[in-house]
Protein chains: 2
Amino acid sequence: MHKYSKQTRILVAVDCIIFGFDGNELKLLLIKRGFEPQKGHWSLMGGFVEPGESMDAAANRILLKLTGLDKVYMEQLYAFGNPERDPLERTISVVYFALLDLNKYKDQLSDQFQAAWFPLKKIPKLIFDHHDMVNMARAKLRYKASLHPILFELLPEKFTLPQLQNLFEEVYNTSFDKRNFSRKILSTGLLLKLTEKDKDSSRKGAFYYKLDKKHYKANFHNILRFIPNPNDFI
Amino acid sequence: MHKYSKQTRILVAVDCIIFGFDGNELKLLLIKRGFEPQKGHWSLMGGFVEPGESMDAAANRILLKLTGLDKVYMEQLYAFGNPERDPLERTISVVYFALLDLNKYKDQLSDQFQAAWFPLKKIPKLIFDHHDMVNMARAKLRYKASLHPILFELLPEKFTLPQLQNLFEEVYNTSFDKRNFSRKILSTGLLLKLTEKDKDSSRKGAFYYKLDKKHYKANFHNILRFIPNPNDFI
DNA sequence: CATTATAGGTGTCAAAATAACACTTATTAA
DNA sequence: TTAATAAGTGTTATTTTGACACCTATAATG
């Protein structure tokens, strides 16, 4: 079993930063930690990596446990390895972040974990170095979303341009000119206009769009300039 | 010591992908593995994370052992955690990549590890999943260098515009128009023109430049478009 | 039924950035 | 003196950008 006999084995955890958009605000899914140390404090959803389980598998297992769903956009963010980060025992945490449409998962959160959505502006005190993780994830989200069409993962399948712009404005904490915004977004060819309108948020109604999946996948890695000067908004 | 008593502890390694530029080619520093399994095969420089040591500290220790130097540009790339990746025992590897001026370190490589530089086009067979690591690092280098002035880390303190262009062309395996290239690079304000010329590579000689360190640090995170369509070159 | 309030949707223009393109210059070796 | 070589530079047409203001569709109101 232990073939590299002289080496020290270390606890490895996975923590998930789960971003959700409710159509208005960008939020984070947090849980009340169920065991010591720091039992009862707010925390990212995490767990230890099990034998025979890859990092991705661990992250997906944890996400499934919390939200009840898989097939959510998720990517590895960073490995946090400060030896003091967990005061009880040295633990390395490999952090993932996920993006999802909050409304889709609202009613199926596992009660077991006392999970709750918090607006990014009102994050409670978190355990350990979880604030550092969240900050890095926010920076990464902004960075990546300024270049790649990643924010669609936070929206429902059908969405309107005002909703999309609202999401961008929420992420970058600024506002954009709607004429320039729609020109830039539509020029990517990623969106298909539907005939149906959303009549909930205005009298006139706003046309729904959906992603042109084929185009989306093909162009996902292309570098687009969604945000003029992303660093102005950090 | 083991407070989370029911959890499995795992071996954690750090592997370093060390890119070096010799003025002509982009190369990778590899070693002959000194222990089983796969003893004698080419490998990235790596080692196990020690108790009380952070990930960054482990990566720097490993780099120091191999090249004899610290203060080299290095960043974390990804945590590789496929449970089968090391056939002897499950090991998670947190991978870092470093950029350095190959000529600066040429003569001080530790003999102990039988280290050698390999052009990226002629990488030998590597152990485990080290090829995946290298491929991810190359993609990351291209991605990042298309947006940020990161390639200067591969050059000596004084360098000429033709040398810099040559490096970009090596990284992207293409060629650029030198008029447009120099316009774009100089427009960043990152470079200071020196009065001295490099007379080695031409009769006329090419002016040396150096980084304007202050400007470099202030603008490092800004997104610049060094490469028109980076994805065309992947 | 006419009016009003509201958010959605669209076009122009000047400025800036880009990509394509070719000639002159400095220097050394012959 | 000449020839060879790589360095260095400027123009133009096209595209992209950012700033800006008005009209439209609809539901609610009186």
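Reader: Let's start with the two protein chains. Which rotation superposes chain A on chain B, and with how much shift along its axis?

Author: When you compare two copies, look at the angle and at the shift. This is a predicted model, and in it a rotation of 180 degrees, with 0.0 Å of shift along the axis, lays chain A on chain B at an RMSD of 0.0 Å. The two copies are thus related as by a two-fold rotation axis.

Reader: Okay, and what share of the interface residues of chain A are also interface residues in chain B?

Author: Here you compare the residue lists from both sides. The share is 100%, so the copies meet through the same surface.

Reader: How is chain A divided into domains?

Author: Read off the bounds, then check the spacing and the contact. Domain 1 of chain A covers 11–145, and domain 2 covers 151–233. Between the two domains, the contact takes 16 residues from domain 1 of chain A and 16 from domain 2 of chain A. Their C-alpha centres are 26 Å apart.

Reader: On to the DNA. Which residues are closest to DNA strand D?

Author: Begin with who is there, then ask what they touch. Strand D is surrounded by 21 residues, and the closest are Arg179(A), Arg183(A), Arg203(A), Arg179(B) and Phe207(B). Notice that both protein chains appear in that list.

Reader: How do the residues of that surface near DNA strand D divide into nonpolar, polar and charged?

Author: You get four nonpolar, four polar and 13 charged residues near DNA strand D.

Reader: And which elements supply the surface near DNA strand D?

Author: Helix H5 (178–187) of chain A, helix H5 (178–187) of chain B and strand S10 (206–211) of chain B each give at least two residues. H5(A) has the largest share, with four residues. A general idea helps when you look along a helix: an α-helix has 3.6 residues a turn, so residues three or four places apart point the same way.

Reader: What share of the strand D atoms within 4 Å of the protein belongs to sugar or phosphate?

Author: That's 40%, and the rest belong to bases. For the base side, go to the individual atom pairs. A side-chain N or O atom of Arg183(A) is 2.6 Å from a base nitrogen of DNA strand D. For Arg179(A), the distance from a side-chain N or O atom to a base nitrogen of that strand is 3.1 Å. From chain B, Lys178(B) has a polar side-chain atom 2.9 Å from a base nitrogen of strand D.

Reader: What caps the N-terminal end of H5(A)?

Author: To find a cap, look for a side-chain oxygen by a backbone nitrogen at the helix start. Asp177(A) does the capping, with a side-chain oxygen 2.9 Å from the backbone nitrogen of Arg179(A). Past the other end, just after H5(A), Gly189(A) takes a positive phi of about 75 degrees.

Reader: Now the other strand. Which residues come nearest to DNA strand C?

Author: Among the 21 residues around strand C, those are Lys178(A), Arg179(A), Phe207(A), Arg183(B) and Arg203(B). The surface near strand C draws at least two residues each from H5 and strand S10 (206–211) of chain A and from H5 of chain B. Its largest share, four residues, is from H5(B). By type, you'll find four nonpolar, four polar and 13 charged residues there.

Reader: Which parts of DNA strand C do the atoms within 4 Å of the protein belong to?

Author: Sugar or phosphate accounts for 41%, and bases for the rest. Lys204(A) puts a polar side-chain atom 2.9 Å from a base nitrogen of strand C. Arg203(A) has a side-chain N or O atom 3.2 Å from a base nitrogen of strand C. With Gly205(A), a polar backbone atom is 3.3 Å from a sugar or linking oxygen of strand C.

Reader: Away from the DNA, is Val14(A) buried or exposed?

Author: Check the relative accessibility first, then the neighbours. Val14(A) sits in strand S1 (residues 9–21) of chain A, and it counts as buried because its relative accessibility is 0%. Residues it touches include Met45(A), Val49(A), Ile62(A), Val94(A) and Tyr96(A).

Reader: One last residue: where is His148(B)?

Author: His148(B) lies in the loop between helix H3 (130–145) and strand S8 (159–160) of chain B. Its relative accessible area is 4%, so His148(B) is buried. A polar side-chain atom of His148(B) is 3.1 Å from the backbone oxygen of Asn222(B). Among the residues His148(B) touches are Tyr143(A), Phe220(B) and Phe226(B).

Methods
Residues are numbered from 1 along each chain as its sequence is written. Chains are lettered from A and ligands numbered from 1 in the order in which they are written. This is a predicted model: local features need pLDDT of at least 70, side-chain atom pairs count only at pLDDT 80 or more; totals for chains, interfaces and linings use all residues. Side-chain values use heavy atoms; hydrogens and water are left out. A residue is near a molecule or strand if one of its heavy atoms lies within 4 Å of it. A polar contact is a pair of N or O atoms within 3.5 Å; within protein, one must be able to donate a hydrogen and the other to accept it, and residues adjacent in sequence count only if both atoms are side-chain atoms. Ala, Val, Leu, Ile, Met, Phe, Trp, Tyr, Cys and Pro count as nonpolar, Asp, Glu, Lys and Arg as charged, and the others, Gly among them, as polar. Copies are superposed by least squares on the C-alpha atoms of residues with pLDDT of at least 70 in both. Contact means heavy atoms within 4.5 Å. Buried means under 20% relative accessible area, exposed over 50%, partly exposed in between (1.4 Å probe, protein chains only). Domain bounds come from an automatic or database domain assignment.
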